[in-house]
Structure formats: C-alpha cells, structure tokens
Amino acid sequence: MLDSLVSNVNIELLNALRYHMVNKRVLTEELKHGTSLSSMYQNIDIQIHHYPNGIVTVNCARLLKADHHATNGVVHLIDKVISTTTNNILQIVEIEESLETLRAAVAAAGLNNLLENEGQFTLLAPTNEAFEKIPQETLNRILGDPEALKDLLNNHILKSAMCAEAIIAGLSMETLDGNMLEIGCNGDELTLNGRPIIANKDVIATNGVIHFVNELLIPDSAKTLLELGKESDVSTSIELFQQAGLGSHLTGNERLTLLVPINSFYKGHTPSADRNLLRDHIIKEQLSSKYLFHGQKLETLSGKELRVFVYRNNLCIENACIAAHDKRGRFGTLFAVDKIVTPPVGTVMDVLKADDRFSTLVAAIQSAGLTETLNRPRSFTVFAPTNEAFRAMPQGELNKLMGNAKELANILKYHIGDEILVSGAIGAVVRIKSLQGDKLEVSSKNDVIHINKEPVAEADIMATNGVIYAVNTVLQPPAYTTNERSDEPTDPAMEIFRHASALSKVSLRSARLAPVYSRLLARMKQQQKQQQ
C-alpha cells in the first residue's frame with residue numbers, strides 16, 4: 001500500500017489523504033457510536049465507533065489524541081492508515097477465497113439479506129479451515145439442517161460492530177441468537193471463549209466489521225444431546241446411556257429431555273448401565289426448567305411418571321435436583337442433576353411393607369389405624385423408625401406404647417410431615433409441620449440429613465404419595481415425657497394445685513414456706529379465672 005501511494009503521489013496519495021478528511025469541523029463529542037462521516041474522497045463513508053470504555057475508532061483505527069484545534073479545522077491523531085471500503089459484509093464474504101464454505105452456508109441458511117442490509121454487525125467469519133476441523137458427520141448434519149445451520153451462523157454474528165482496539169479482557173458480547181461470547185485479548189492476540197482463534201481482524205465493511213476465525217463456534221442449539229453431554233460435567237452418565245444401547249435417543253430428532261447425574265455423583269457410587277433405570281431418565285418431551293411447576297407430572301420413555309417439586313432453594317424431579325443450567329440442543333434438552341432418579345414404586349405403606357427394616361413400624365401403623373392415611377393420594381414426608389429404633393426403647397415402655405392405640409397414633413403422627421420434602425430442598429434448617437401438630441426440625445450438615453438433630457440413616461426413599469427417611473431413633477414430641485403420659489393434655493391449673501398441695505404439707509412444719517404457698521395459690525386462682 002505504501003509503495004502504491006509513493007509511486008503515484010498525485011492520484012493515489014491524494015485520494016488516500018482525502019479519505020482521511022471530512023469537509024467540516026467534527027470534535028470527539030460529535031463522534032457517536034455507529035455513525036458515519038462522509039469523507040472528502042468521493043463522499044465515501046468513514047465508520048465511527050465510540051465504545052462504553054471510552055475508546056473511539058475510525059474504521060477500526062484507534063483515536064490516540066483528539067481535538068487538536070487549528071485555524072481552519074481540527075486534527076485527530078489515529079494509530080494507522082485507514083483504507084476506503086465500499087463493500088458490505090456479504091460482498092466481502094463472496095470475494096474472499098478463504099470463506100468459500102461460509103459463502104455456501106450463508107446462502108443455504110438464507111442469511112444473504114441480513115449480511116448486505118444496513119446496520120452495524122460483527123461477523124466472526126469461520127474460514128474453510130474452521131469447517132474442516134469438525135467431524136464430517138457433524139458438518140453434514142448441520143449443513144443438511146437449515147435451522148441448525150442458521151443457529152450456527154447466527155452464533156458468529158454479534159449485534160454491534162466491535163473493532164479489535166475496543167476489546168478488553170473479560171468482555172462479553174451478545175450474538176444474534178442471544179448467546180454470550182467471551183471476547184478478550186492475550187497480549188497481542190484476540191481470544192474467543194478464552195481461545196486464540198482469531199486469524200485476521202478488523203476487515204471493515206460498510207455495515208460492520210469482520211474478524212476471520214479458524215474454529216467453528218457451534219452453539220448448543222445446533223448440537224445433539226450426545227454432543228452436549230460429552231462437553232459437559234455429565235460425560236460419565238452419557239457413556240452409560242451409550243453402553244445401555246440408548247445412544248440413538250441421544251443423536252436422533254426426537255424431542256426429549258435427558259436427566260443426567262453429574263460426574264461427581266459417581267465418586268461415591270458405582271456407575272451402572274441399567275437400561276431400564278436409564279430409560280426412566282429420558283422424558284418424552286423437550287422441556288425448559290424455568291417453565292416447570294410444582295406438582296407437574298413428566299412421562300418417561302419407560303412410561304413412568306416423575307413429579308416436579310419446586311422449592312425456595314431448589315428445583316427437583318423426584319429425589320434428584322437440578323445441579324446446573326439447562327443445555328438446550330437442536331431436539332433435546334439436557335438437565336444435569338445431582339443424583340440418580342429413583343421413580344416411586346408404590347404408596348408409603350407399600351414401600352414400608354416391602355422393606356424388612358420397617359416391619360415393626362408397619363405393625364405399629366396398623367395397630368394405630370393409620371394404614372388408610374398412608375395409602376391416600378396425599379403428600380407426606382415420613383421419618384420412618386427402623387426395627388433397630390424400636391429395639392433401642394426399653395421393653396416396658398415399648399409394650400406400653402404398643403398397647404395404647406391413641407398414644408401410639410400420636411407418636412407416629414409426629415413422624416409424618418404434611419408435605420413432600422426431598423433432601424435437596426433441605427438447607428441449614430427447615431421446619432415442617434407434622435400430622436400430630438408439632439413441628440419437626442430438619443437440617444443438613446456435611447451432606448448428612450438430621451431430624452431433630454438425629455442423623456438420618458437413608459434419605460429419599462420415594463413413594464407415590466410421599467418420601468421416606470429411615471431413622472434409627474423413635475422421635476419424641478416436645479410435650480411427651482417417659483415418666484408421665486396421658487391421653488388428655490395437662491391442665492396447668494391442676495399442676496399448680498398439685499405443687500401447692502405438696503407445699504402446704506411442708507408449710508405445717510416450716511412457717512417460712514407459707515408465703516410461697518400463698519403465691520402459688522394466688523396464681524392458681526388467677527389462671528382458673530382466665531380459663532372461665
């Protein structure tokens with residue numbers, strides 16, 4: 001360029017200099033973002049960008065020193081020679097040999113009009129090399145799917161013109177599809193999502209700027225469930241789906257939602273490629289977690305129903321809670337969850353009867369007349385004492401409890417919450433009302449659930465009408481004591497009367513206790529009046 005200017009001073013150099021000139025005084029305060037100025041060379045426009053970080057560019061040349069006033073105008077010092085541009089983005093794509101594949105893709109996706117219209121865009125133009133880097137099968141699938149192809153290309157178009165000079169580390173820019181790209185710099189290199197893949201920068205067009213990139217930026221919306229899973233923190237689960245012969249559901253065009261446990265779950269659990277279990281993790285519709293509602297029923301590939309529980313601090317599907325943001329692919333959505341989903345297999349009573357650990361509890365429930373209650377289609381959280389819990393009670397106390405149906409029912413109702421509370425919804429402390437009336441205190445510390453400060457032996461045993469926690473202690477209601485039990489609530493006035501009577505006998509031997517007796521008697525009379 002320099003040789004061309006010097007060899008033809010009268011024409012080339014004059015025209016180049018005129019392109020750097022505007023036939024009016026323009027100060028920096030008038031250099032608005034996205035505007036253009038007519039140059040003194042054939043009135044060809046000069047593109048102005050004024051960024052939020054204060055940087056001003058002219059055809060992507062950075063303005064270094066501004067507003068040098070002269071008698072006949074004003075001078076702005078920039079960091080490079082700017083060249084004339086008369087082509088829009090589409091025209092540049094059409095004439096650039098290294099963008100041949102992109103040119104065909106733009107036409108197939110119907111984006112020609114967008115790239116030649118007026119506006120201020122940034123095209124992150126994938127080169128032929130970028131298309132060659134992805135597997136041929138993936139490329140053919142995307143190129144043969146107009147919607148996926150359009151999503152792919154829209155992910156390479158930013159909503160505003162972004163010159164390289166304005167890019168600073170940690171900058172996020174929004175694409176046409178609303179995705180956010182992390183654009184930054186590493187020394188002299190520009191980076192995309194942390195990777196130095198920009199090959200050529202600041203190719204100016206009349207409607208924006210082009211940066212050539214040597215890798216494709218494939219958005220989630222153009223990926224299969226298999227591709228989404230392999231790139232996420234659920235790769236172990238994805239391998240299990242393939243081992244179980246369910247891979248076709250991860251690459252096909254069915255509308256599905258995949259519930260996949262995160263990799264960290266398997267640190268304490270042995271991975272299992274159980275086909276029937278994994279089919280319960282595939283929901284027969286494409287969902288978005290933000291539209292799920294409490295009590296919603298989701299049908300799985302195996303025909304089972306899973307319930308949605310929406311809590312203040314978590315969103316759960318049965319016992320498994322959402323552990324990360326959705327990944328929505330071309331046909332399916334991936335929900336990363338914190339554990340394997342265990343669908344319910346019967347009512348609370350069905351589950352308790354099927355588990356030998358609860359045989360004493362089942363007998364107690366039947367004796368107390370609560371069988372029908374726990375078979376109803378309601379929502380319960382049951383803290384179920386194991387046989388071990390009952391064996392830990394003194395035999396006389398246990399016999400007395402089992403022989404009093406009313407008292408037994410009262411104790412058992414204290415073990416039953418009136419809502420479903422899975423472990424993922426338990427924060428530091430959660431209080432849940434029991435059927436007996438008093439509240440239970442449920443807490444979580446170091447991944448161990450406690451009920452009334454007693455550790456839970458097993459959590460999240462799911463039933464169709466609730467959830468069961470196995471506990472090795474029989475819980476005692478606050479008003480329940482081992483020395484005195486009564487079917488009727490204690491009368492406070494009678495309690496005071498008993499104490500007063502005892503003290504009156506002592507007062508016969510010690511006149512010093514007479515004032516105590518008088519005060520107690522006065523309190524008794526006052527409470528009796530209040531009750532009347």
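This passage describes the disulfides, nonpolar cores and strand pairing of a predicted model.

A search of the whole structure finds two disulfides. In one of them, C60 is bonded to C163, with the two sulfur atoms 2.0 Å apart. The torsion about this S-S bond is about -75°, so the disulfide formed by C60 and C163 is left-handed. Because C60 lies in the loop between β3 (56–58) and β4 (61–70), whereas C163 lies in the loop between β7 (157–158) and β8 (171–174), the pair ties together parts that are 103 residues apart in sequence. Both C60 and C163 are buried.

The other disulfide joins C316 to C321, and here the sulfur atoms are 2.0 Å apart. For this bond the torsion is about 85°, so the disulfide of C316 and C321 is right-handed. With a relative accessible area of 0%, C316 is buried, and C321, for which the relative accessible area is 0%, is buried as well. When the bonded cysteines are counted along the protein chain, the disulfides follow the pattern 1-2, 3-4.

C316 also takes part in strand pairing, since it belongs to β17, where it stands opposite F309. The strand β16 (residues 305–310) pairs with β17 (residues 315–317) in the antiparallel sense over three bridges, and a hairpin of four intervening residues joins β16 to β17. On the preceding side of the sequence, β15 (residues 297–299) and β16 are likewise paired in the antiparallel sense, over three bridges, with K297 standing opposite R307 in β16. β15 and β16 form a hairpin with five residues between them, and within its turn G303 has a positive phi of about 95°.

A further arrangement of strands is an open sheet of four strands, in which the order is β7-β6-β12-β11 and the pairing is mixed. The edge strands of this sheet are β7 and β11 (198–205), each of which pairs on one side only. The pairing of β11 with β12 (residues 208–213) is antiparallel and extends over five bridges, and A205 stands opposite G208 in β12. The strand β7 of this sheet is also one of the two strands that flank the loop containing C163.

Turning to the nonpolar interior, the largest nonpolar core has 30 residues, and those with the most contacts inside it are L352, L361, I365, L374, V382, L412 and I468. Two or more residues of this core are given by each of the helices α13 (348–354), α14 (359–368), α16 (387–391), α17 (395–402) and α18 (405–413), and likewise by the strands β21 (380–385), β26 (454–463) and β27 (466–471). The largest share, five residues, comes from α14. When neighbours within four places in sequence are left aside, L412 is in contact with L361, A364, I365, A368 and L370. A second core, separate from this one and made up of 26 residues, includes I89, L115, L149 and L153.

Technical notes. Residues are numbered from 1 along each chain as its sequence is written. This is a predicted model: local features need pLDDT of at least 70, side-chain atom pairs count only at pLDDT 80 or more; totals for chains, interfaces and linings use all residues. Side-chain values use heavy atoms; hydrogens and water are left out. A disulfide is a pair of cysteine sulfur atoms within 2.5 Å. Buried means under 20% relative accessible area, exposed over 50%, partly exposed in between (1.4 Å probe, protein chains only). A nonpolar core is a set of buried Ala, Val, Leu, Ile, Met, Phe, Trp, Tyr and Cys residues joined through side-chain atoms within 4.5 Å. Contact means heavy atoms within 4.5 Å. Two strands pair if DSSP finds at least two bridges between them.
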